[in-house]
Amino acid sequence: MRGANLRVVVTWRWALALLFVLLATLTCVRLGIWQWHRFEEKNTRADVIQQHYDAEPIPLADAPASARTKLAASDDYTVVKARGHYCAEPECVLYVRNRVQGSSVGFWQLVPFKAVSGQTLLVVRGWVVAGQTDSVPSTRPDVPSGEVELVARLRPTEPRLTDRPQVEGQLHSVNAPDVVSQAPGLTQVLEGTYGEAVRENGTAPEGLAGLSKPETSIGPHLSYAFQWWIFSVFFLLGFVVAVRRTLRDEAEEREAEPDASSAPGAPGGQASPSAHGRLHRYGSTRGGHHRSRGTDEDEEDSLLEERQE
């Protein structure tokens, strides 16, 4: 009987349903893993920001080794300090295009800073709104002359955008090769990092808006991950419940059907209890009467035989 019940769910329809459930479950699991990785990335980034953003500055000469090649994520927002001077040449004052501050688009002012230690750090001094044409900054704040005591936060340099034409005095991204191409006299440039100016001689850069503090919110990624995994369990449980219900219904239908072998007149079969009752009642009435008639006829035959003798 169990094998007969199982044949009910061994069909193409159930096979397609199982395939759909497996695909849906796998999709939910993968989406949950992706959300988990997003949670880990944001959580790690938030820890780095909280650890470095307001920390005491260290000398630029002691900056992480990754600043020379590509600043590591764990070294992001490291606060450094250095004495030196900004590049005084006009070609050294550059503006990085398409930088959003709040709801406005503008430019970053970028100027190379030559430290007394000999290292050159690319420094974003701040943000200025774009002009009416959106192709030039609305103002060009002056760069401090003479020796400057700089405090800055290190950030990783950005990829070069080689598919865009170079504009004199402007940059599409913050990277050492593009800066050196417009200010070729620079030496010992830290190619893996740039600095966001915090203070110059104890005060914020004048004429420029400071860059916004990065977000440290982790977001709902952790709860989304668990939600996707719960959905994957629901798909499997729903399929199991549907199979069990189908098997149960099939078993109940089989129990409700009369057994064909027990029907009256079936070869080798026996009468059902109801049929047996009907036959018994029939025999008890008409069968008994038939027996009484047979006895009277026998007596008459016996009398006739005696007279003949």
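**Figure 1. A charged side chain over a ring: Arg99 and Trp108.** The charged end of Arg99 sits over the ring of Trp108, at 4.5 Å from the ring centre. As in every view that follows, the model shown is predicted. A second arrangement of this kind involves Arg153, which lies over the face of Tyr53 at 3.6 Å from the centre of the ring.

**Figure 2. The chain as a whole.** The chain holds 5 helices and 8 strands. Read from the N terminus, its elements follow the order α-α-β-β-β-β-β-β-β-α-β-α-α. Of the 309 residues in the chain, 34% are buried. The accessible surface comes to about 19,800 Å², and carbon and sulfur atoms account for 55% of that area. Among contacts between residues at least 6 apart in sequence, 70% join residues at least 24 apart.

**Figure 3. Helix H2 and its buried residues.** Helix H2 covers residues 12–52, 41 residues in total. From the first C-alpha to the last, H2 reaches 60 Å, close to the 60 Å expected at 1.5 Å a residue. Buried residues occur along H2, among them Trp14, Val21, Ala24, Thr25, Gly32, Gln35, Ala46, Val48, Ile49 and His52. Phe39 also belongs to this buried set. Cys28 counts as buried because its relative accessibility is 5%, under the 20% limit. The buried residues of H2 pack against strand S2 (79–86) and helix H4 (221–256).

**Figure 4. Aromatic pairs across the chain.** The count of aromatic pairs in the model comes to 10. In one of these, Phe20 and Phe235 meet edge-to-face, with 6.2 Å from centre to centre and 80 degrees between the planes. This pair links distant parts of the chain, since Phe20 belongs to helix H2 and Phe235 to helix H4, 215 residues apart. Phe20 has 53% relative accessibility and therefore counts as exposed, whereas Phe235, at 30%, counts as partly exposed.

**Figure 5. The ring pair of strands S3 and S4.** Tyr95 and Phe107 form an edge-to-face aromatic pair, with centres 6.5 Å apart and planes at 85 degrees. Tyr95 lies in strand S3 (residues 94–101) and Phe107 in strand S4 (residues 104–115), with their positions 12 residues apart in the sequence. Tyr95 has a relative accessible area of 2% and is therefore buried. Phe107, with 1% relative accessibility, likewise counts as buried.

**Figure 6. A cluster of four rings.** Trp36, Phe39, Phe226 and Trp229 are linked into a cluster by ring pairs. Within this cluster, Phe39 is one of the buried residues of helix H2.

**Figure 7. The disulfide of Cys87 and Cys92.** The count of disulfides in the model comes to 1. A disulfide is a covalent bond between the sulfur atoms of two cysteines. Here the partners are Cys87 and Cys92, whose sulfur atoms are 1.9 Å apart. The link between Cys87 and Cys92 is right-handed, with 40 degrees about the S-S bond. Both cysteines of the link are buried.

**Figure 8. The loop between strands S1 and S2.** Ser66 is found in the loop that joins strand S1 (58–59) to S2. With a relative accessible area of 14%, Ser66 falls under the 20% limit and is therefore buried. Beyond its neighbours within four places in sequence, Ser66 is in contact with Leu71, Ala72, Asp75 and Gly192. Tyr77 lies in the loop between S1 and S2 as well. Tyr77 has 4% relative accessibility and therefore counts as buried.

**Figure 9. Positive phi values at Tyr77 and Gln188.** Most residues other than glycine have a negative phi. The phi of Tyr77 is nevertheless positive, near 65 degrees. Gln188 also has a positive phi, near 50 degrees. Gln188 lies in the loop between helix H3 (176–182) and strand S8 (193–200). With a relative accessible area of 55%, Gln188 is over the 50% limit and therefore exposed, whereas Tyr77 is buried.

Terms used. Residues are numbered from 1 along each chain as its sequence is written. Side-chain values use heavy atoms; hydrogens and water are left out. Helices (H or I, at least four residues) and strands (E, at least two) are DSSP runs, numbered from the N terminus. Buried means under 20% relative accessible area, exposed over 50%, partly exposed in between (1.4 Å probe, protein chains only). Contact means heavy atoms within 4.5 Å. Accessible areas come from the Shrake-Rupley method with a 1.4 Å probe; for residues, only the protein chains shown count as cover. The expected span of a helix is 1.5 Å times one less than its number of residues. Rings of Phe, Tyr and Trp (its six-membered ring) pair if their centres lie within 6.5 Å; planes under 30 degrees apart count as stacked, over 60 as edge-to-face and the rest as tilted. A charge sits over a ring if NZ of Lys or CZ of Arg is within 6 Å of the ring centre and within 35 degrees of the ring normal. A disulfide is a pair of cysteine sulfur atoms within 2.5 Å.
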